[in-house]
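Thanks for sending this one over. I have gathered my reading notes below as a few numbered points, to go through with the structure open beside you.

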Amino acid sequence: MTLSIDIKGVGVHYGRTVAVENVSFKLEGNKIYGLLGRNGSGKTSLLSVLASFRQPTTGEVLIDGKITFENAEIMSQVCFIQEHGHMSDGYSVKDAIKLAASCWPNWDEQYANYLLDLYQLSQKKRISSLSRGMKSALGVTIGLASRAPITIFDEAYLGMDAPTRYAFYEEVLRDYMEHPRTFILSTHLIEEVGNLFEEVLILDNGRLLLQEESELLRQRGVTITGPAERVDEYVIGLQVLGEQTLGRTKSVTVYGELSQERVNRARTDGLELGPVALQDLFVHLTKKGGEGI
Ligand SMILES: Nc1ncnc2c1ncn2[C@@H]1O[C@H](COP(=O)(O)OP(=O)(O)OP(=O)(O)O)[C@@H](O)[C@H]1O
């Protein structure tokens, strides 16, 4: 089932704090989306509204064309997993799994058991006795086994160690291929997770800075390296995001598509053009005091 998401002029205010302001975008669904933003940029606030955990202060959220807030039918199709889950400490792992099974109609018990084994989680354990990493593993187990058409992981895997996180990324990809659905992953671990994203959204200070296919976004970032004066001349008219100088060599990061004529000119000018990692692009685009795009 493909469910579209339509965010229309959404704002989230906490008293005088404006966490999200007038954000609008559409997600067609059946893709892995990355939601990026610096600390406090409004990711959790936006995702909480998307998952109907709170009502937007302004605007509306539509899933499959329907207003989501207090719509039980739509909400059974959305699974929102946060690092600090919402499970009571008094519960056992078994209770949490049982509760999850009753919430999501597509729940796959066999898959849940497979994941519990993978993460070595005993069903008998109390939630209160789980380590931070084990709590994260329980969260992602529930998120994946829910097979909800819209599954959202809000930094849900932060507590896991690196090998467990990598196993989780592989699992997301594998299960997504077998059971296509919409995943939204918010993360600061861009280098690790970035390759999973088909489309990226960046929030900056509560506003949507960009929504772009990751491949296109990667192509928009270019580094130009060479003798400082030639690089300076070359980048005139381009959008410069950042620069580094080492002796007489300069490396400048620009954003935007380079025309074929420019690419050829780099060759004749003896300049080197290189790619920019998604993480570096993100850092440049969301730099404090930067011009953004
Ligand atoms: N319950 C709340 N009450 C008051 N202010 C809040 C509340 N939740 C979030 N905020 C504020 O809203 C803004 C956005 O916070 P939010 O948690 O949505 O950002 P985030 O991008 O998820 O941050 P992080 O990456 O650090 O988790 C911040 O200024 C934060 O202090």
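1. The ligand shell is a good place to begin, and by class it holds two nonpolar, eight polar and one charged residues. Please keep in mind throughout that this is a predicted model.

2. Which residues surround the ligand? They are Tyr14, Thr17, Ala19, Gly37, Asn39, Gly40, Ser41, Gly42, Lys43, Thr44 and Ser45. Strand 2 (17–27) and helix 1 (43–50) are the elements that each give two or more residues to this shell. Helix 1 has the largest share, with three residues.

3. Strand 1 is worth following on both of its pairings. With strand 2 it runs antiparallel, joined by seven bridges, and Ile7 stands opposite Phe25 of strand 2. The hairpin of these two strands has two residues between them, and there Gly15 takes a positive phi near 60 degrees. Strand 1 (residues 5–14) is also joined to strand 4 (residues 58–63) by five bridges, again in an antiparallel arrangement. Within that second pairing, Lys8 is opposite Glu60 in strand 4.

4. Next comes an open sheet of six strands, in the order 6-7-8-3-9-10 and with mixed pairing. Its edges are strand 6 (78–82) and strand 10 (207–213), each of which pairs on one side only. From one strand to the next, the twist averages 15 degrees. At one end of the order, strand 6 and strand 7 (residues 150–154) run parallel and are joined by five bridges; here Ile81 stands opposite Phe153 in strand 7.

5. How do helix 5 and helix 6 pack, and at what angle? The axes of helix 5 (residues 132–146) and helix 6 (residues 162–178) are 12 Å apart, at an angle of about 0 degrees. Because angles under 35 degrees count as roughly parallel, helix 5 is roughly parallel to helix 6. On the helix 5 side the contact is made by Gly133, Ala137, Val140 and Leu144, which meet Thr164, Phe168, Glu171 and Asp175 of helix 6. By class, this contact has four nonpolar, two polar and two charged residues.

6. On the overall division, the protein is split into domain 1 (5–205) and domain 2 (217–285). The C-alpha centres of the two domains lie 36 Å apart. Six residues of domain 1 and six residues of domain 2 take part in the contact. On the domain 1 side, helix 7 (190–193) and strand 9 (199–204) are the elements that give two or more residues. That side is made up of four nonpolar residues, one polar and one charged. Note that strand 9 also belongs to the six-stranded sheet, where it sits between strand 3 and strand 10 in the order.

7. My last point concerns the open sheet of four strands, ordered 12-13-11-14 with antiparallel pairing. Strand 12 (239–246) and strand 14 (272–275) each have a single partner strand, so one side of each is left without a neighbour in the sheet. Neighbouring strands here are turned by 25 degrees against each other on average, direction ignored. Strand 12 is joined to strand 13 (residues 249–255) by seven bridges, and the two run antiparallel. In that pair, Val240 stands opposite Val254 of strand 13.

Methods
Residues numbered from 1 in each chain as written. Predicted model: local features only at pLDDT ≥ 70, side-chain atom pairs only at ≥ 80, totals over all residues. Near = placed C-beta within 6 Å. Nonpolar A, V, L, I, M, F, W, Y, C, P; charged D, E, K, R; others polar. Domains from an automatic or database assignment. Contact = placed C-beta atoms within 7 Å. Axes fitted to C-alpha atoms, helices over the stretch in contact; angles between N-to-C directions. Parallel < 35°, antiparallel > 145°, perpendicular 65-115°, else oblique. Pairing = 2+ DSSP bridges.
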